Amino acid sequence: MGGYILAIDQGTTSSRAIVFDESQKVAGVGQREFPQIFPRSGWVEHNPEDIWESVIWSARVALEQAGIGASELAAIGITNQRETVVVWDRDTGRPIHNAVVWQDRRTAERCDELKRQGLEELFTRKTGLLLDPYFSGTKLAWILDHVDGARERAARGELCFGTVDTFLIWRLTGGRSFLTDATNASRTLMFDIATNAWDDELLGILDVPKAMLPEVRDCAADFGVTERSHLGAEVPILGVAGDQQAATIGQACFEPGMMKSTYGTGCFALLNTGKDRVPSKNRLLTTIAYRLDGETTYALEGSIFIAGAAVQWLRDGLKIIGTASEASELAAKADPMQAVYLVPAFTGLGAPHWDAEARAAIYGMTRGTGPAEFARAALEAVCFQTRDLLEAMRGDWTNGTGDTVLRVDGGMVASDWTMQRLADILDAPVDRPTILETTALGAAWLAGQRAGVWPDREGIARSWARDRRFEPQMDEAVRQAKVAGWKDAVRRTLSADC
Ligand SMILES: Nc1ncnc2c1ncn2[C@@H]1O[C@H](COP(=O)(O)OP(=O)(O)O)[C@@H](O)[C@H]1O
Ligand SMILES: O=P(O)(O)OC[C@H](O)CO
């Protein structure tokens, strides 16, 4: 056994694998995109076999690039797109349906029905979540309702449910481990985050048999050993966390009041609230940040469904840019006198509105509006939405988020223009770290410190380093006018019943 750590980061559009050496430096990277399946409007699926193959391919490439064999790995850490549901046959390991992805809105009606029955308060009190199709519970119920005989088979213990971490652990260990971690469990609508246990009452309402649920462990724990055939050696899996929680760890947000925001396909801001399970008055989520040594640390989370995805829309839908990095060059050329707003509700609006029915809209166009104003509106939308989340967080947690510096990561933060605009719109500094692979780093840290080859919490927090701090520069009157224009645009976009 050597001292390298392999982090598997299974994301919404691609799988990445990163080999870190003992000094926490990146030694090898493998990455592969896989197909997005859109069977109907608002539905999003992945083929679990595509997920699996892209993970194994990426892991092998990362090892090759690092110039090491799997026998030199001390451990593996897994982090993953959260909430996405996979159901498979316990005997054959074959999925019975495509994975239903977190972005999928097919259970909007079911959620409304549960709300009409007055059940939202119960779900929120126990899980910290809301009755929104985003979360796993109603997606799992949908699969059980729509695949022939699934519910009976599940009750007989013949089927397994998992978020993507559980599916990967199961496959990697040849079906010997059926496990998840507390952060992934906390996104399912079936897990009581106070008692840290699957909740029988909620399972009853969703009609989900407990026999199909994995055992829940700490984020740094023994998750089994990989079969030799996959990577060439048996390697222990010692760390697991949902990707946003892993990024919180990778950004070393270990103290209450520390906050990170990740700008990938969507944007997810997490504020560490320590041992306080803070209920939200502003429709944020109360969730598990991490569970280590049996001790749970909580977070408030704001989830925005469209961030970098709006840039992809500029590129693939409107075709006004060739690559994502061109978005900021174009935005910088926009006419400052044109107040054009994009409310990117392509799949509804997430926090703090939670409006599944809202659809995207553009406001303020004139004959002079062109690609540059569209690009600026798409990038600014991410900044305005972050401001909305931070306002909601300040309302919920009064222990002093005011002077917290936001730590940012994810693909979009490569854009200096967007980060400067973010600081301007927030009227607060924004810190970009030197290591942008914070999600993988978080998963690697969980596994590495458990394996005894990486530093402890204080050590990893000390090694967090800033690449650049963006300080607000915008004139106050300009900022106020822009924020007022955004709020008006959102108000006009919300659906009638929201
Ligand atoms: N320079 C850039 N400017 C703006 N957006 C960018 C830039 N580079 C990447 N992106 C956006 O970031 C996203 C990719 O980020 P990533 O963290 O890899 O996402 P995910 O993990 O969700 O797949 C894409 O949506 C892409 O459009
Ligand atoms: O795959 P990402 O990075 O877009 O993250 C997805 C989130 O985990 C969804 O909750």
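A residue is called buried here if 20 or more other C-beta atoms lie within 10 Å of its own. The views below show a predicted model.

**View 1. Helix α6 is mostly covered.**
Helix α6 comprises residues 164–172, and nine of its nine residues are buried. The buried residues of α6 are Val164, Asp165, Thr166, Phe167, Leu168, Ile169, Trp170, Arg171 and Leu172. An α-helix has 3.6 residues a turn, so residues three or four places apart point the same way. Gly174 follows α6 and has a positive phi, near 60°.

**View 2. Strand β13 is mostly covered and pairs with strand β5 in the parallel sense.**
Six of the six residues of β13 (residues 237–242) are buried. Five bridges connect β13 with β5 (residues 73–80), and the two strands run parallel. Within this pair, Gly77 lies opposite Gly239 of β13.

**View 3. Strands β2 and β3 form a hairpin.**
Seven bridges link β2 to β3 (residues 26–33) in the antiparallel sense. Phe20 stands opposite Val26 in β3. Five residues lie between the two strands, and Gln24 in the turn has a positive phi of about 65°.

**View 4. Seven strands make up an open sheet with mixed pairing.**
The order of the strands is β16-β17-β15-β14-β20-β21-β22. The edges are occupied by β16 (285–292) and β22 (466–470); each has a single partner strand, so one side of each lacks a neighbour in the sheet. From one strand to the next, the twist averages 30°. Inside this sheet, β14 (residues 259–263) and β15 (residues 267–274) run antiparallel and are joined by five bridges. Tyr263 is placed opposite Cys267 in β15. Strands of a sheet pair through backbone hydrogen bonds, either parallel or antiparallel.

**View 5. The shell around ligand 1 draws on two domains.**
Ligand 1 is surrounded by 20 residues, of which Gly264, Thr265, Gly308, Gly411 and Ser415 are the closest. Domain 1 (4–243) and domain 2 (254–433 + 465–498) each contribute at least three residues to this shell. Helices α11 (308–317) and α12 (326–332) each provide at least two residues. The largest share, four residues, comes from α11. By class, six residues of the shell are nonpolar and 14 are polar, and no charged residue is present.

**View 6. Ligand 2 lies between domain 1 and domain 2.**
The residues around ligand 2 are Gly11, Thr12, Gln81, Arg82, Glu83, Trp102, Gly242, Asp243, Gln244, Gly264, Thr265 and Gly266. Domain 1 (4–243) and domain 2 (254–433 + 465–498) both give residues to the shell, so ligand 2 lies between them. One residue of the shell is nonpolar, eight are polar and three are charged.

**View 7. Annotated binding-site positions gather at one spot.**
An unreviewed UniProt entry assigns the feature "binding site" to Thr12, Thr13, Ser14, Thr265, Gly308, Gln312 and Gly411. These positions span 400 residues in sequence, yet no two of their C-alpha atoms are more than 14.1 Å apart, so they gather at one spot. Thr12 lies in the loop between β1 (4–10) and β2 (14–20). With 21 other C-beta atoms within 10 Å, Thr12 is buried. Thr12 also belongs to the residues that surround ligand 2, and Thr265 and Gly308 are among the closest residues to ligand 1.

Notes: Residues numbered from 1 in each chain as written. Chains lettered and ligands numbered in written order. Predicted model: local features only at pLDDT ≥ 70, side-chain atom pairs only at ≥ 80, totals over all residues. Pairing = 2+ DSSP bridges. Axes fitted to C-alpha atoms, helices over the stretch in contact; angles between N-to-C directions. Buried ≥ 20, exposed ≤ 12 C-beta atoms within 10 Å, placed from the backbone. Near = placed C-beta within 6 Å. Nonpolar A, V, L, I, M, F, W, Y, C, P; charged D, E, K, R; others polar. Domains from an automatic or database assignment. UniProt positions renumbered as here; feature names shortened; annotations may be inferred.
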